[in-house]
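Hi,

Here's the structure I promised to pass on. Have a look at it first, and then read on for my notes.

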Amino acid sequence: MTKVFINGEFINQEDAKVSYEDRGYVFGDGIYEYIRAYDGKLFTVTEHFERFVRSAGELQIDLDYTVEELIDIVRQLLKVNEIKSGGVYIQATRGVAPREHSFPTPEVKPVLMAFAKSYDRPYEDLKNGINAVTVEDIRWLRCDIKSLNLLGNVLAKEYAVKYNASEAIQHRGETVTEGASSNVYAIKDGKIYTHPVNNCILNGITRKVIKWISEDYDLPFIEETFNVEFLKKADEIIISSTSAEVMPVVKLDGETVGDGNIGPVTRKLQEGFDKYIETKSN
């Protein structure tokens with residue numbers, strides 16, 4: 001029987017309910033994280049929950065949970081659902097209150113919910129690469145907060161699906177920001193370029209791992225903006241996320257990236273990522 005965590009309890013999935021007045025439901029007033037599990041161990045879980053707590057602080061949501069307590073919850077969730085390879089989704093909303101745009105007064109208790117699912121690594125795509133398209137970035141200006149407000153991302157992803165692509169790479173004007181559900185990197189002359197950490201992108205946990213790998217292998221990791229033209233002339237393109245890992249992009253807007261093969265820098269990063277799975281999972 002699949003178990004879901006809601007506010008301190010592990011309950012059967014079919015008994016999990018959300019109030020029609022939950023502010024996450026009516027306003028998208030909340031935050032979330034998605035954490036990967038490899039062989040029953042959580043990958044970079046501390047980094048994920050440090051970001052979760054930061055996002056809560058930016059939205060003035062008082063979680064009343066420590067990072068260690070949150071880690072314990074998702075570990076228990078993996079255990080009760082007997083999940084080895086998969087992931088855990090966890091979200092917190094501001095809570096349940098009558099529908100008013102301003103924060104509830106007095107404050108209400110946040111609703112913390114989490115569920116887990118099993119799935120394998122995307123081996124085939126990691127080996128052969130994926131197709132991507134470019135699309136204008138129409139999202140709000142606090143993309144650094146991992147909030148429940150994902151409609152812009154949803155529309156971008158649906159655009160990608162219509163063009164038989166796995167990801168939509170977004171740009172504000174001509175400046176490339178990130179994917180609909182990933183960070184984006186252009187690799188040119190052995191150097192890795194990616195958008196700097198600011199309000200326009202999410203500081204991805206896998207992005208952090210890629211930065212660590214770059215330092216390990218002495219690969220230049222350049223955090224500066226670049227435009228769509230630069231991206232399309234890249235030798236290699238990758239995207240990264242918790243579920244996609246270090247994913248090569250072999251076609252962009254229907255055009256072949258580089259020589260169409262998985263490049264040497266991408267392979268180095270994938271090799272390094274496999275090593276970090278061993279050292280950063282617990």
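A word on terms before anything else: I call a residue buried when its relative accessible area is under 20%, exposed when it is over 50%, and partly exposed in between (1.4 Å probe, protein chains only). The areas themselves come from the Shrake-Rupley method with a 1.4 Å probe, and for residues only the protein chains shown count as cover.

Keep in mind that this is a predicted model, so local features need pLDDT of at least 70 and side-chain atom pairs count only at pLDDT 80 or more, while totals for chains, interfaces and linings use all residues. Residues are numbered from 1 along each chain as its sequence is written, and side-chain values use heavy atoms, with hydrogens and water left out.

Let's begin with Leu155. Helices (H or I, at least four residues) and strands (E, at least two) are DSSP runs numbered from the N terminus, and Leu155 sits in helix H5 (residues 151-162). Its relative accessible area is 48%, so Leu155 counts as partly exposed. Leu155 also belongs to a nonpolar surface patch with Ile138, Leu150, Leu151 and Val154, and together they have about 470 Å² of accessible area. For patches, I took residues with over 30% relative accessible area and no salt bridge, joining like charges within 9 Å and nonpolar side chains (Val, Leu, Ile, Met, Phe, Trp, Tyr) within 5 Å.

Next, helix H6 (residues 205-216). The expected span of a helix is 1.5 Å times one less than its number of residues. For the twelve residues of H6 that gives 16 Å, which agrees with the 17 Å between its end C-alpha atoms. Which residues of H6 are buried? They are Ile205, Thr206, Arg207, Val209, Ile210, Ile213 and Ser214. After H6 comes Asp218, with a positive phi near 60°.

One of those H6 residues, Arg207, turns up again among the contacts (heavy atoms within 4.5 Å) of Thr194. Not counting residues up to four places away in sequence, Thr194 also touches Val184, Tyr185, Phe221, Ile222, Glu223, Glu224 and Phe226. Thr194 lies in strand S11 (residues 191-194) and is buried, at 1% relative accessible area. Its side chain makes a polar contact with the backbone oxygen of Val184 at 2.8 Å. By polar contact I mean a pair of N or O atoms within 3.5 Å; within protein, one must be able to donate a hydrogen and the other to accept it, and residues adjacent in sequence count only if both atoms are side-chain atoms.

Now the salt bridges. I count one when a side-chain nitrogen of Lys or Arg is within 4 Å of a carboxyl oxygen of Asp or Glu, and the total by this rule is 19. Here are a few to look at:

- Arg121 and Glu245 pair up at 2.8 Å, N to O. Arg121 is in the loop between strand S6 (111-118) and helix H4 (123-128) and Glu245 is in strand S14 (residues 245-252), so the bridge ties together parts 124 residues apart in sequence. Both Arg121 and Glu245 are buried.
- Asp235 and Lys188 meet at 3.4 Å, N to O. This pair links distant parts of the chain, 47 residues apart: Asp235 is in the loop between helix H7 (228-232) and strand S13 (236-241), and Lys188 is in strand S10 (residues 183-188). Asp235 is partly exposed at 33%, and so is Lys188 at 26%.
- Asp253 and Lys232 have their closest N and O atoms 2.9 Å apart. Asp253 is in the loop between S14 and strand S15 (255-256) and Lys232 is in helix H7, so parts 21 residues apart in sequence are tied together. Asp253 is partly exposed at 29%, as is Lys232 at 44%.
- Arg54, Glu58, Arg142 and Asp144 are joined into one network by salt bridges that share partners.

Finally, some backbone details. Thr105 and Pro106 are joined by a cis peptide bond, with omega about -5°, and Pro106 is in the loop between strand S5 (86-93) and S6. Asn7 is not a glycine, but its phi is positive, near 45°; this residue is in the loop between strand S1 (3-6) and strand S2 (9-12). Glu82 likewise has a positive phi, about 55°. Glu82 is in the loop between helix H3 (67-80) and S5, and is exposed at 71% relative accessibility.

Cheers
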